[in-house]
Amino acid sequence: MKYNNICKFIIPAQQKTFSVYCFVLETDPNVMRCPSLLKSNRVMLVSRGEGVFHFDETKIPFSSGSLVFGFKEETFWAEFESECEYLYIHFEGNRADDLFRRFHIRKSNRYFSNFDGLVPLWRDSLSRADQQTVDLASESILLYTFSRLTGSSVRRDSPVNKLIELLETRFNDPEVSIASISKELCYNPKYISHLFKEQMGVGITEYLRTLRIKYAVSLFEHGIDSVKNVALLSGFTDPLYFSTVFKKIVGVSPKEYINCLPNGSNPSTIPLKDEKTGT
């Protein structure tokens with residue numbers, strides 16, 4: 001007798017946090033047109049209408065079936081003429097960051113088309129959810145939507161995507177620099193630096209420092225309490241410089257951060273300070 005079992009094994013995630021905050025069908029044009037600061041990441045699925053989404057200075061044209069991602073701390077509003085509505089979910093956590101990396105979703109690659117088929121599923125899940133199940137409904141819809149991005153037109157061959165993949169793979173190598181990665185990717189340093197800043201809204205050096213500090217935070221959370229060791233493991237050759245950068249980004253020194261861990265604080269909820277605003 002022939003069996004047609006299908007078995008696919010999943011590598012278990014290690015301490016991946018994922019938080020969903022709200023699941024909304026937005027139909028009020030006044031709310032849509034009013035600029036607001038996104039307090040967490042947002043994924044929006046347009047169910048009707050067309051127009052332009054504004055994220056800070058970036059304009060993203062949309063129409064029915066558009067799937068668009070917004071990022072925490074961006075100012076958002078919508079511009080449109082005809083009747084418009086969209087659904088959205090707010091979310092964040094280090095698992096969300098992992099999903100962004102897996103599907104190459106970032107400010108320069110946030111728009112996806114032809115997702116009309118998901119609209120009935122999103123609507124049905126939202127209408128059926130109650131106070132006890134809305135967290136499950138929103139998280140399951142969000143994860144399913146990510147899974148549908150596999151066959152979408154994610155550009156992995158652009159210079160910036162290549163650069164980001166390299167940085168996120170080798171950020172803890174102290175030899176990584178703009179000069180070294182530009183040479184490896186065969187691009188002029190000034191060209192790749194300008195292109196990266198234009199598409200990502202942040203410089204390569206700042207992006208690399210942030211990757212290293214986020215990794216340092218995870219090492220502290222996993223029990224490594226030697227500032228010198230964490231600095232070296234994160235790609236810093238000078239522990240004093242590491243401490244300076246850590247305090248600038250996180251808001252407290254490494255020792256202060258370590259001291260808060262045994263007191264029952266949840267380190268993963270401590271936000272990184274915005275270097276541009278200092279908040």
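## Close-up views of the predicted model

Of the chain's 279 residues, 41% count as buried. The model is predicted. Its secondary structure comes to 11 helices and nine strands. Among contacts between residues at least 6 apart in sequence, 71% join residues at least 24 apart.

**View 1. Helix α7 lines up its buried residues on one face.** Helix α7 covers residues 189–200, 12 residues in total. From its first C-alpha to its last, α7 reaches 16 Å, close to the 16 Å expected at 1.5 Å a residue. Its buried residues are Ile192, Leu195, Phe196 and Met200. Seen down the axis of α7, these fall within an arc of 105°, so they line one face of the helix. An α-helix has 3.6 residues a turn, so residues three or four places apart point the same way. On the other side of α7, Lys190, His194 and Glu198 are exposed. What covers the buried residues of α7? The cover includes α5 (159–170), α6 (178–185) and α8 (204–221).

**View 2. Asn188 and Gly201 flank helix α7.** Asn188 caps the N-terminal end of α7. A side-chain oxygen of Asn188 lies 2.8 Å from the backbone nitrogen of Lys190. Lys190 is also one of the exposed residues of α7. Just after the helix comes Gly201. Gly201 takes a positive phi of about 75°.

**View 3. Cys186 has a positive phi in the loop between α6 and α7.** The phi of Cys186 is about 65°, although Cys186 is not a glycine. Is Cys186 buried or exposed? Cys186 is exposed, with a relative accessible area of 67%.

**View 4. His104 has a positive phi in the loop between α2 and β9.** Strand β9 spans residues 111–112. Phi of His104 is near 55°, a positive value in a residue other than glycine. His104 is buried, with a relative accessible area of 6%. Cys186, by contrast, is exposed.

**View 5. Phe53 and Phe55 meet edge-to-face.** The structure holds 26 aromatic pairs. In the pair formed by Phe53 and Phe55, the ring centres lie 6.4 Å apart, with 70° between the planes. Both Phe53 and Phe55 are buried. Which residue lies over the face of Phe55? Arg110 does, at 4.3 Å from the ring centre.

**View 6. Phe69 and Phe100 link distant parts of the chain.** This aromatic pair is edge-to-face, 6.0 Å centre to centre, with 90° between the planes. Phe69 sits in strand β6 (residues 67–70). Phe100 sits in helix α2 (residues 94–102). The two are 31 residues apart. Phe69 is buried, and so is Phe100.

**View 7. Ring pairs build a phenylalanine cluster.** The cluster links Phe18, Phe69, Phe71, Phe91, Phe100, Phe103, Phe112 and Phe146. Its members include Phe69 and Phe100, the edge-to-face pair of View 6. A charge joins the picture at Phe18. The charged end of Arg95 sits over the ring of Phe18, 5.9 Å from the ring centre.

Methods:
Residues numbered from 1 in each chain as written. Predicted model: local features only at pLDDT ≥ 70, side-chain atom pairs only at ≥ 80, totals over all residues. Heavy atoms only, no water. Helix = DSSP H or I, 4+ residues; strand = E, 2+ residues; numbered from the N terminus. Expected span 1.5 Å × (residues − 1). Buried < 20%, exposed > 50% of the residue type's maximum accessible area, 1.4 Å probe, protein only. Arc of directions from axis to C-beta. Contact = heavy atoms within 4.5 Å. Polar contact = N/O pair within 3.5 Å; in protein donor to acceptor, adjacent residues only side chain to side chain. Phe/Tyr/Trp six-rings, centres within 6.5 Å; stacked < 30°, edge-to-face > 60°. Lys NZ or Arg CZ within 6 Å of the ring centre and 35° of its normal.
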